[in-house]
Amino acid sequence: IDVDGAFTVADSTGNVSTTGTLSAGNTDVATLDASGLASLDGGIDVDGAFTVADSTGNVSTSGTLGVTGTSTLGVVNASGLISADGGLDVDGAFTVADTSGNVSTSGTLSVTGLTTVGTISGSAGDFTGDLSVGGDLTVAGAMTNDGHIIPALHNTYDLGSTTKFWR
């Protein structure tokens, strides 16, 4: 068919349907409803809002979801491993914990900068560099010191007390 001008194929409701493949070049479509797989091999170019979701509003993929640039997400729930190879930048509160509130790692936890910790417990600890304690320090068990014990001020502090002293 060679048509010079408008050409319309539609049912009585104005809808176009096919049981086969409908190919369209540069075509403006107000709403495209597809039941079944929509194959868009050339990609999607969207000017404006773009929503992909199932009937419950959820988006899922069985492969990798790749995002280039900045993405704003409300809440991300993940039941598997999240790999953030480029790092993780968080503005605001950041919580890492299991369902009981515990944080664990099988490797080394490296922290740079000031860290505030309520209670540290465990069978062993290795602190490299300076360790500042802003309160009382109680050591239960033997303590080995490989260096001098030096007071912060000259001729100010006692080692022991009148009721608890060294022998």
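**An extended chain without assigned helices or strands**

Of the 167 residues of the chain, 0% count as buried. The model is a predicted one, and this burial figure is a suitable place to start reading it. The secondary structure adds little to follow, as the chain has zero helices and zero strands. Its radius of gyration is 33 Å, whereas the globule rule gives 15 Å for 167 residues; the value is well over that, so the chain is more spread out than a compact globule.

The extents of the C-alpha trace can be read next to that radius. Along the principal axes the trace spans about 110 × 30 × 25 Å. The accessible surface of the chain amounts to about 17,500 Å², and carbon and sulfur atoms account for 50% of this area.

One part of the surface can be described by residue. V117, I120, F127, L131, V133, L137, V139 and M143 make up a nonpolar patch there, and their accessible area together is about 840 Å². Within this group, V139 has a relative accessibility of 42%, which lies between the 20% and 50% cut-offs, so V139 counts as partly exposed.

The backbone offers one further detail, at N155. Most residues other than glycine have a negative phi. N155 is not a glycine, yet its phi is positive, at about 55 degrees. With a relative accessibility of 74%, over the 50% cut-off, N155 counts as exposed.

Methods. Residues numbered from 1 in each chain as written. Predicted model: local features only at pLDDT ≥ 70, side-chain atom pairs only at ≥ 80, totals over all residues. Heavy atoms only, no water. Helix = DSSP H or I, 4+ residues; strand = E, 2+ residues; numbered from the N terminus. Rg over C-alpha atoms; globule rule 2.2 N^0.38 Å. Buried < 20%, exposed > 50% of the residue type's maximum accessible area, 1.4 Å probe, protein only. Areas by Shrake-Rupley, 256 points an atom, 1.4 Å probe, with all protein chains shown as cover. Patch = residues over 30% accessible without salt bridge, like charges linked within 9 Å, V, L, I, M, F, W, Y side chains within 5 Å. Salt bridge = Lys/Arg side-chain N within 4 Å of Asp/Glu carboxyl O.
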